[in-house]
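This report goes through selected features of the structure shown below. It covers sheets, helix packing, individual residues and the contact between chains.

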Amino acid sequence: MLTVTNLTSERDDRILFANLNFSLHAGDLLQIEGQNGSGKTTLLRILCGLSSHFSGKIYWQNQDVSQQLPNFLQALLYVGHHAGIKAALTAEENLRWMQRLHPLLNRCTITEALNQVGLYGYEDVPCYALSAGQQRRVSLARLYLSSHPLWILDEPFTAIDKKGVLEKEALIVKHVQQGGMCILTTHHDFDLPKQTIRRINLDQLAHTITSVDTTPSYLVSV
Amino acid sequence: MNFLNAAIKRELLLALRNRSEIINPLAFFLLVITLFPLAVSPEAKVLANIAPGIIWVAALLATLLSMDSLFKNDYDDGSLEQIVVSPQSLALLALGKVISHWLSTGFLLALLSPVLAVMLFLPSEAMPALVGSLLIGTPTLSLIGAIGAALTVGLRKGGVLISLLVLPLYIPVLIFGAATVQAGALNLPISGHLALLGAMMVFTLLLAPFAIAAALKLSIRN
């Protein structure tokens, strides 16, 4: 469904990754690993079309994403480093705007989603009055609202408490089991059987770049 | 159209919640114009002569000052990213932002201008020309300014750069705007001047949203 071929990215004369190849099918969960500064966020931003510092091709449903961008964006939910939450607006107003932007945030009502993330009673509080974790929860309420097939999540569990992380983890697993796809970066270890989760380690990748030129088969360890 | 409406409503709501964005340009406009009689001369004849120029220059600078923050907040908190990864049109959103920006600056400046014009002894015959030229001229300023703001949004200190980029393009509007008011004060027909200002507005209204969208994408993907 999502296919990446020969993806190479270079920032400030430093190769972050080279000749990265993988494909993601319905039901796949892909975790991008690597130390700080290894290019995890850059990779996700490239996949979302938020960065142009790359060469290589990205295909969605066998169509080149650069040609069919609206089709791809229709199917994509991206949760980035920045929450995308307006501090002056309430949680409900923020989510209502998100729904305007992404028509597929339609799985349940906003009230239900806010209940799910434990913000019942905070609907009308401006987001600047919420804690960092609560603001993150507002942003993550989109996961409950979403019926997008592809989720791309950049460190989604930052500032979330343990119980919250378990709930979001369960939600991601449910999404994948129902035929969705998810790519995420997190330092958190998923408590899942090996078959259900695939990993790409950008650090190991960086090592192989210096020694061998192309090692695509190694990159995708299933 | 629905999306444009929603975008304008959201921006106006944000402006209302954060009132300094509305008050700052108005206060600047008011202060500059009240200082002129003190510094130049309180004589009615002198002030009436230079009033069209003063009011137009003050309105132009007030608009320019408010441009810097147009996309900055959205860029910093990640809302802009979310818009770029959504299937909605970025040009339409840019148009919505500019319209609400104009409503909260240029439109209010035009409404306030007759009061200040009286202070500068501008003859009452010139009032329609003053309000008319500001109403038709300031949207062009907002639209052109937004292109500059979009180009510099990714830079840490874009404020001065916006002025350099945008001021040359503001000059025709300033010339014809001030000329309209001068013609009005001399009881000459003003429809020709207004038509030219109108033509500039229509031209930028048609093309600027696409330029803004392209500039925003450039700033984000870099």
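## Sheets of chain A

Strand β7(A) is joined to strand β8 (residues 181-185) of chain A by five bridges, and the two run parallel. Within this pair, A:Leu150 stands opposite A:Met181 of β8(A). Helix α1(A) packs on the sheet and touches β3 (29-33), β7 and β8 of chain A. The direction of α1(A) makes about 150° with that of β8(A). The model discussed here is predicted.

The sheet in question is open and has five strands in the order β6-β7-β8-β3-β9 (chain A), with parallel pairing. Its edges are β6 and β9 (197-201) of chain A; each has a single partner strand, so one side of each is left without a neighbour in the sheet. On average, neighbouring strands of this sheet are turned by 15° against each other, direction ignored.

A further open sheet, of four strands, follows the order β2-β1-β4-β5 (chain A), and its pairing is antiparallel. Here β2 (14-24) and β5 (63-64) of chain A are the edge strands, pairing on one side only. Strand β4 (residues 55-60) of chain A and β5(A) run antiparallel and are joined by two bridges. A:Trp60 has A:Gln63 in β5(A) as its bridge partner. Helix α1 (residues 40-47) of chain A packs on this sheet as well, touching β1 (2-11), β2 and β4 of chain A. Its direction makes about 130° with that of β1(A).

## Positive phi in chain A

Two residues other than glycine with a positive phi are listed here.

| Residue | Phi | Place | C-beta atoms within 10 Å | Exposure |
|---|---|---|---|---|
| A:Asn19 | near 50° | strand β2 of chain A | 18 other C-beta atoms within 10 Å | partly exposed |
| A:Ala159 | near 70° | loop between β7 (150-154) and α6 (162-177) of chain A | 14 other C-beta atoms within 10 Å | partly exposed |

## Helix packing and a loop in chain B

Two packed helices are described by the angle between their axes and the distance between the axes. In chain B, helix α6 (residues 90-104) packs against helix α10 (residues 191-221) at an angle of about 110°, with the axes 8 Å apart. At that angle α6(B) is roughly perpendicular to α10(B). On the α6(B) side the contact is made by B:Leu90, B:Ala91, B:Ala94 and B:Leu95. These residues meet B:Pro209, B:Phe210, B:Ile212, B:Ala213, B:Leu216 and B:Lys217 in α10(B). By class, the contact of these helices has nine nonpolar residues, no polar residues and one charged residue.

The loop between α9 (159-185) and α10 of chain B holds B:Asn187. Is B:Asn187 buried or exposed? B:Asn187 counts as exposed because it has 11 C-beta neighbours inside 10 Å, and the cut-off for exposed is 12 or fewer. B:Asn187 lies 31 residues from B:Leu218 in sequence and 48 Å from it in space, C-alpha to C-alpha.

## Contact between chains

Between the chains, 21 residues of chain A are in contact with 19 residues of chain B. On the chain A side, α2 (69-75), β6 (76-79) and α3 (91-101) are the elements that give two or more residues. By class, this side has 11 nonpolar, eight polar and two charged residues.

## Confidence

Chain A has a mean pLDDT of 85, and 90% of its residues reach 70 or more. Residues 210-222 of chain A have pLDDT below 50; beyond near neighbours in sequence, this stretch has 15 contacts in the model.

Notes. Residues numbered from 1 in each chain as written. Chains lettered and ligands numbered in written order. Predicted model: local features only at pLDDT ≥ 70, side-chain atom pairs only at ≥ 80, totals over all residues. Contact = placed C-beta atoms within 7 Å. Nonpolar A, V, L, I, M, F, W, Y, C, P; charged D, E, K, R; others polar. pLDDT = per-residue confidence, 0-100. Axes fitted to C-alpha atoms, helices over the stretch in contact; angles between N-to-C directions. Parallel < 35°, antiparallel > 145°, perpendicular 65-115°, else oblique. Pairing = 2+ DSSP bridges. Buried ≥ 20, exposed ≤ 12 C-beta atoms within 10 Å, placed from the backbone.
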